[in-house]
Amino acid sequence: MEAPIEREETDVSDTPGTIPPASLPEWRALDDHRVALDAFDLRTAFAEDPSRVERMSLDVVGLHADLSKHLATPETLGLLVELAEACGLRERIAAMFSGEHINVTEDRAVLHVALRMPRSTSLTVDGVDVVAEVHRVLDRMGAFADSVRSASWVGHTGRPIRNVVNIGIGGSDLGPVMAYRALRHVSDRDLTFRFVSNVDGTDFVEATRDLDPAETLFIICSKTFTTLETMTNARSAREWVVSALGSEDAVGRHFVAVSTNAAGVAEFGIDTDNMFGFWDWVGGRYSMDSAIGLSTMVAIGPEAFADLLAGFHAVDEHFRTAPIRENLPALIGLLAVWYRNFWGCQTIAVLPYDQYLERFPAYLQQLTMESNGKHVTLEGAHVEVDTGAIYWGEPGTNGQHSFYQLIHQGTTIVPVDFICFARTPNPLGDHHDLLSANVFAQSAALAFGRSAEEVAADGTPAARVPAKVMEGNRPSTTILTDEVSPFRLGTLVALYEHSVFTQGAIWGIDSFDQWGVELGKQLAARIAPQLLAEDEPELDHDPSTNDLIRRYRSMS
């Protein structure tokens with residue numbers, strides 16, 4: 001039985017992590033070190049240090065991370081660790097895991113880590129054992145998932161459910177759709193899963209075009225049950241079902257909710273016994289392992305979902321307990337800071353070499369950029385350093401025939417995370433070995449390039465040599481692991497969650513609010529009635545917006 005996690009009273013406002021990082025001597029030491037690395041060359045670094053790979057690789061819960069191809073030395077990593085210690089990373093980690101309200105602008109705890117704590121664990125926050133609450137919801141989710149998978153849950157006409165449509169947006173969509181596509185090889189193939197998020201009607205129409213309403217279940221994911229996009233799609237789904245089945249009573253058999261708004265759920269027509277709740281300490285982008293993952297659990301089953309949670313928890317415990325120098329999520333986060341603030345890199349590419357992870361980069365875009373796209377510190381002062389790199393990517397080998405040219409020979413350094421797997425769930429001839437060969441080849445080509453002498457030695461005409469030179473010195477991490485599975489997906493998501501946390505701790509920002517998305521929502525709520533009005537509305541926006549509204553109305 002795991003021991004209860006001790007809650008340490010930590011006043012985040014007094015932690016070292018809120019000191020402007022650029023004022024720290026550890027930051028200045030990294031500035032000086034970066035200047036000293038102006039002539040750094042990866043070819044030379046490997047030639048001069050036969051143990052470089054060993055000294056710059058880690059093995060954590062089945063993830064092998066090769067950090068040796070970075071524009072860094074073991075001394076660099078040591079200096080980054082010293083910066084993390086000066087910024088209070090260890091204290092910030094303890095504060096999160098103990099339930100302190102580290103989301104300061106919303107005065108909330110940040111406890112997505114509690115979503116995957118084992119049943120034997122207890123964590124009391126504000127007088128409530130949150131782990132016990134989590135498992136009560138998981139048990140209800142499991143019973144419901146089993147009822148759908150066994151066909152004991154039937155629709156209004158008595159026919160079993162064959163289609164599940166998840167309606168949400170942001171984390172309520174990106175997490176479930178990413179997880180389903182990553183794990184569909186272990187999903188129930190007798191069930192069809194679709195995902196609707198965009199308020200554009202095309203999304204709903206195309207998702208439901210070939211489905212039978214009598215065999216379709218909708219999972220409506222909205223904490224408040226007021227989210228504009230989600231509820232617009234939910235109402236269209238309700239009309240679709242009622243129109244086809246001829247009764248308002250059909251709603252109760254074809255809709256369930258993931259929400260905390262019992263009154264809103266009941267008003268919609270959903271029995272609140274079929275409402276699965278979560279908590280204000282779960283941010284949307286951190287919610288795929290909460291009740292938001294109900295569609296995932298229906299797809300893969302409760303046991304496989306438990307494996308997913310176990311993968312998350314394994315990395316959580318590593319992040320919570322490992323020294324920073326041996327802490328893989330922390331080091332990946334610190335390297336992201338290294339490139340953003342000391343090399344001026346604006347983007348990081350995440351390139352998974354497995355088709356099942358086709359939506360993983362899109363998932364990481366929200367996780368990273370909504371978390372760390374911030375311009376003020378925890379105290380509300382303007383940040384002194386750049387924050388929040390742009391994360392992007394595509395699965396290999398598709399990207400190689402798209403944007404790798406810029407990564408190899410462009411004028412911008414783009415740090416890369418390669419993710420590859422030793423085994424595939426779908427062995428087919430030599431496909432997987434060829435796929436893996438490309439991972440290793442691309443990381444080597446980025447690091448070591450090809451000199452003019454090497455190009456010329458191949459017989460290339462002199463006039464073409466410059467165009468074929470690859471300078472190398474393009475940094476990358478290679479993460480090699482076993483295969484895509486529920487457990488492994490959990491470890492990968494948690495790895496990036498805690499990398500994001502590390503970056504935010506260094507910059508002294510709140511990685512868990514998202515006020516930047518609110519203004520657009522408020523303006524859209526004002527503009528929508530003006531687009532729908534029968535008579536010409538009185539417009540009070542800026543001149544450009546007023547003109548666009550008038551033109552839209554005249555064209556529609």
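I will talk about one sheet in this structure, the helices that lie across it, and the two pockets that follow from the listing by size. Please keep in mind throughout that this is a predicted model.

Let me begin with the sheet, which is open, has five strands in the order S6-S5-S7-S8-S9, and shows parallel pairing. Its edges are strand S6, residues 192-196, and strand S9, residues 275-276, each of which pairs on one side only.

I would like to spend a little time on strand S7, which covers residues 216-221 and is joined to strand S8, residues 255-258, by four bridges, with the two strands running parallel. Toward strand S5, S7 pairs in the parallel sense as well, over five bridges. If you want to follow this residue by residue, Ile220 in S7 is the bridge partner of Ile167, and Ile220 also has a bridge partner in S8, namely Ala257. Ile219, for its part, stands opposite Val256 in S8.

How much of S7 is buried? Six of its six residues are, so that the strand counts as mostly covered, where buried means under 20% relative accessible area. Both faces are covered, with Thr216, Phe218 and Ile220 buried on one side, and Leu217, Ile219 and Cys221 buried on the other.

Turning to the helices, H8, residues 201-208, lies across S6 and S7 and runs at about 175 degrees to S6. Helix H9, residues 228-245, lies across S5, S6, S7 and S8, and its direction is at about 160 degrees to S7.

H9 also brings us to the largest pocket, since this helix is among the elements that give two or more residues to its lining, together with helix H7 (171-183), helix H15 (360-372) and helix H21 (518-532). This pocket holds about 980 Å³ of space, and of the 38 residues that line it, those nearest its centre are Thr227, Gly284, Gln514, Glu518 and Lys521. By class, the lining has 14 nonpolar, 15 polar and nine charged residues.

The second largest pocket holds about 350 Å³. Which residues lie nearest its centre? They are Gln355, Thr424, Asn426, His431 and Leu435, out of a lining of 14 residues, and that lining divides into four nonpolar, eight polar and two charged residues.

To close, I would come back to S7, a strand buried on both faces and paired in the parallel sense with S5 and with S8.

Terms used. Residues are numbered from 1 along each chain as its sequence is written. This is a predicted model: local features need pLDDT of at least 70, side-chain atom pairs count only at pLDDT 80 or more; totals for chains, interfaces and linings use all residues. Side-chain values use heavy atoms; hydrogens and water are left out. Two strands pair if DSSP finds at least two bridges between them. Contact means heavy atoms within 4.5 Å. Axes are lines fitted to C-alpha atoms, for helices over the stretch in contact, and angles run from 0 to 180 degrees between N-to-C directions. On a 1 Å grid over the protein atoms alone, a cavity is a set of points where a 1.4 Å probe fits but cannot get out, and a pocket is an open set with protein on both sides within 12 Å along at least five of seven lines; lining residues have an atom within 4 Å of a point. Grid points are joined across faces, edges and corners, and a volume is the space filled by probe spheres set on the points. Ala, Val, Leu, Ile, Met, Phe, Trp, Tyr, Cys and Pro count as nonpolar, Asp, Glu, Lys and Arg as charged, and the others, Gly among them, as polar. Buried means under 20% relative accessible area, exposed over 50%, partly exposed in between (1.4 Å probe, protein chains only).
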